[in-house]
Amino acid sequence: VTSPGAGTRARSGEDQAEAADAVSRAEPAWPHRHLLDTDVLSWAQIELVLDTARHMAGIVAGERPRSTALHGIGVTNLFYEASTRTRVSFEVAAKHLSADVVNVAVSGSSIEKGESLLDTMRTLEALGARILVMRHATSGAPYLVAREFRFAVVNAGDGWHAHPTQALLDLYTLLRHIPGASLRGRKVVILGDVLHSRVARSNLWTLTAAGADVWVCGPSTLLRGFEAWAAAGVGGERRFTVTTDVRAALVDADAVMALRIQKERMASGLLPSLGEYAARFGLTRERLAMAAPGCLVLHPGPMNEGVEIAPDVAAGPASLVTAQVGNGVAVRMAVLALVASAAGLSTGGPT
Amino acid sequence: VSSLAVTDVRSGAAGDVGRVIDLELSAAWLVDPVAGRSGPADLVIREGILESVTWLEGDEAAGVDEHGVIVAPGFLDLHAHLREPGGTSAESMSTGLAGAAHGGFTAVCAMPNTTPPIDRGSTVGAAMAAAEESGSPVRLLQIGAVTAGRAGEQLAPLGELADAGVVGFSDDGSPVQDAALFRNALSYAAMLGLPVIDHPEDLRLTVGAEASEGVVATALGLRGWPAAAEAEAVARDIALLAEVVRDVPGARLHLTHLSTAASLAHVRAARAGGLPVTCDVTPHHLALTDEWLAGARRWAWEAVDANGESRDPWRDGVLAAAPYDTSLRVNPPLRSATDARACLEALVDGTADAVATDHAPHTEVDKSVEFGAARPGIAGIETALGLLLEAVDAGLLTLDRVVAALTVGPANVLGERVSPGWLAVGQPADLVVFDRGSRWTVDSDSLLTKGFGHPLGGRSLPGEVILTLASGRVAYEAASTE
């Protein structure tokens, strides 16, 4: 397995086999008991998720029987933020693997009542949680839990920081639909509220790892800090481009990912109005026409149609929004199976 | 070469805080910033009184250098949180002053953000009484609130607080946002002969802020604390001071824990213009950087390139620890390596008069939580000396400058009300003895503070303190001298 990222020399097949052999001796193919972000994943590990997800897709499609990989294993979805699609996606994924699923929704008010995150984690662990799927409004919260939880933690979104399964399913979706099944040198645009977006951050790691020419675009107030990160490079080396010029971003784009704009951005003075955002940055058919023919359209959902994305674009022929949802289950199955295996939980193989 | 002989002269077991001793220190390296001299010396203390200081010459001085046992005047901390009254689950006078002595401090300024706050004469008296009851000879120098209840709305009874013995005024972490009120405070405090100590922060720019704005905060998805929030507040304070000094020549402004190059540049310019503004920097802002939040564990001076620009911890592959360690959450936040370098340079060139610890202990309940929910503060009074000595070992500071910034520097900030005995012959000895060559491990066994967690936990620091004498009495004594 070679990285398509910059700086990798071509190797002969024999070299590759030898290298792969050395790697498998040095460490297991998937050493991660927790999946907290995409930043720690090597390209080989990303490919392992994608390969595993391709396999899982057959189960999701009903072509093959459900897996017993997580039979009898407790998967607890601990959600401190309201979420339907991600929570259901994890739940369906876990059920396809025969896991015992528990959903815990914690409202803001019960946090204020005082039970700490670690106490909640210990309680759930005592109640049989073995894979803790966690959504939390505070960046870094899953790292706190992962330090003490004895089994596996999967981050289902923490604050502005990371949403690794979303980034992996986005990559999976893009690679399935992009001609040539490679993002190397392809222009991928992330458009919208980048500042507050965990989806954008996790995608920056995976898309640059895939060798894509990544552009982030939005109003300057919602790109704060990204110019400096772009200059330093993701991981200190993988550059991307930051612009407020939606035309420059979209021209010749091979894929564009629109991000949700939230009403709170007006209250905090970051935007004058949703209408002004839609007028200047909304992904409309006219704007999409500037992109390369067949430019793929993604959105992590939920969408504000008519604000960051026009309804006819969201439902248009290039839209992968529905495909993202379906692929999300397969990718999450892959992630659950892999972390379970690294945590010594699986009862069977990855299928 | 150095030798240290301790003899108890009054009842009390070895190691008992507060006891009076005889002490003969031979061939130690003495740093005396009052006399502006350092070198090999013998010191003799009888019943707590410094009887003699003999500078050694020639053969007697042979082999004694500044890498072994060091004697210095007791340190003075301009900024600490001792949490009494009201916060004794995080720290008490007893544990706070014990930690201070372990850090080599013999006098500590306590900030007034207690419960209740120190905004009346009676609460000053209660704090002083608690310090007295602790049995520690470390001097408590209480700072009073600037505004009633630290609410930023009206002046606290500054005269009453001055009469009760406060050494300055500060609302610290709740800085006075109302410029008119802050101007009045500067003026009124000047009339009382006391400085106003400001924690410069424009709170409108730091709502919800978790980490210094920059690449690390961006990559970690942490809400940014822009450097401008500090620089802007510093500029405001200096502009107000310039007005006030025309009316009240004795006005004094002290800016605490400056953390950015821009703020320090403002202070440098104001001092060049003759304004009576002083400032301090903390050990953590000059030795640690924001990349520690991402998991880096190298010193600030190792994180800059040849041009003084911050290096990238991801590129350098130095992310060794788990990210989001709440022991690193502090206000102002850990900054870039460039800002840390500016703090160090300000200390070297004298723009920063003092090093202050901003010792801010918290409980496990307040720290063992999500990063953004963790209370800000590093309980660093015991590690200040070690961090500064790391910078000395790296060749970036001199030992003499470190000692001055912990002694005469902060004493000058406070002015005449604070007059430590220090190394004056015939006075109660007030000094610290440490072994620069001896490293010690920072952990819950070695630290005397109650504060939970420490950014340097598990690491070692140079300069183990052997003995601290405050006002002629033992404030801290390492087990090895017993």
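This report describes the strands, helices and nonpolar cores of a predicted model.

## Chain A as a whole

In this predicted model, chain A is built with 15 helices and 9 strands, and of its 351 residues 56% count as buried. Among the contacts in chain A with a separation of 6 or more, 75% come from residues 24 or more positions apart. The area that chain A exposes is about 14,100 Å², of which carbon and sulfur atoms supply 51%.

## The five-stranded sheet of chain A

Chain A holds an open sheet of 5 strands, arranged in the order β7-β6-β5-β8-β9 and paired in parallel fashion. Its edge strands are β7 (241–243) and β9 (296–298) of chain A, each of which pairs on one side only. On average, and with direction ignored, neighbouring strands of this sheet are turned by 20° against each other.

Within the sheet, strand β5 (residues 187–191) of chain A runs parallel to strand β6 (residues 213–217) of chain A, and 5 bridges join the two. One residue pair can be named here: A:K187 has A:D213 of β6(A) as its bridge partner. In general, the strands of a sheet pair through backbone hydrogen bonds, either parallel or antiparallel.

## Helix α7 between sheet and helix

Helix α7 (residues 164–177) of chain A lies across two strands of chain A, β8 (255–258) and β9, and runs at about 160° to β9(A).

Helix α7(A) also packs with helix α2 (residues 43–60) of chain A, at an angle of about 70° and with the axes 10 Å apart. Because angles of 65 to 115 degrees count as roughly perpendicular, α2(A) is roughly perpendicular to α7(A). On the α2(A) side the contact is made by A:W43, A:I46, A:V49, A:L50, A:A53, A:R54 and A:A57, while α7(A) contributes A:L168, A:L171, A:Y172 and A:L175.

## Nonpolar cores

In soluble globular proteins, nonpolar side chains tend to be buried together. The largest nonpolar core in this model has 205 residues, and those with the most contacts inside it are A:I131, A:L183, A:F240 and A:L336. Helix α15 (residues 321–342) of chain A gives the most to this core, with 11 residues. A second, separate core has 28 residues, including A:W215, A:L250, A:A258 and A:F281.

Residue A:L336 can be followed in more detail: not counting residues up to four places away in sequence, A:L336 touches A:L70, A:F90, A:A93, A:A94, A:L97, A:I131, A:V133 and A:V154. Among these partners, A:I131 is itself one of the residues with the most contacts inside the largest core.

## The four-stranded sheet of chain B

Chain B holds an open sheet of 4 strands with the order β9-β12-β13-β14 and with parallel pairing. Strands β9 (196–198) and β14 (354–355) of chain B stand at its edges, and because each has a single partner strand, one side of each is left without a neighbour in the sheet. At one of these edges, β9(B) is joined by 3 bridges to strand β12 (residues 253–255) of chain B, the two running parallel, and B:I197 stands opposite B:H254 in β12(B).

## B:S368, a loop residue in contact with chain A

Residue B:S368 is found in the loop between α13 (364–367) and α14 (384–393) of chain B. Its relative accessible area is 12%, and since buried means under 20%, B:S368 is buried. Leaving aside neighbours within four places in sequence, B:S368 is in contact with A:L118 and A:L144 of chain A and with B:F452 of chain B.

Terms used. Residues are numbered from 1 along each chain as its sequence is written. Chains are lettered from A and ligands numbered from 1 in the order in which they are written. This is a predicted model: local features need pLDDT of at least 70, side-chain atom pairs count only at pLDDT 80 or more; totals for chains, interfaces and linings use all residues. Side-chain values use heavy atoms; hydrogens and water are left out. Two strands pair if DSSP finds at least two bridges between them. Axes are lines fitted to C-alpha atoms, for helices over the stretch in contact, and angles run from 0 to 180 degrees between N-to-C directions. Contact means heavy atoms within 4.5 Å. Buried means under 20% relative accessible area, exposed over 50%, partly exposed in between (1.4 Å probe, protein chains only). Accessible areas come from the Shrake-Rupley method with a 1.4 Å probe; for residues, only the protein chains shown count as cover. A nonpolar core is a set of buried Ala, Val, Leu, Ile, Met, Phe, Trp, Tyr and Cys residues joined through side-chain atoms within 4.5 Å. Angles under 35 degrees count as roughly parallel, over 145 as roughly antiparallel, 65 to 115 as roughly perpendicular and the rest as oblique.
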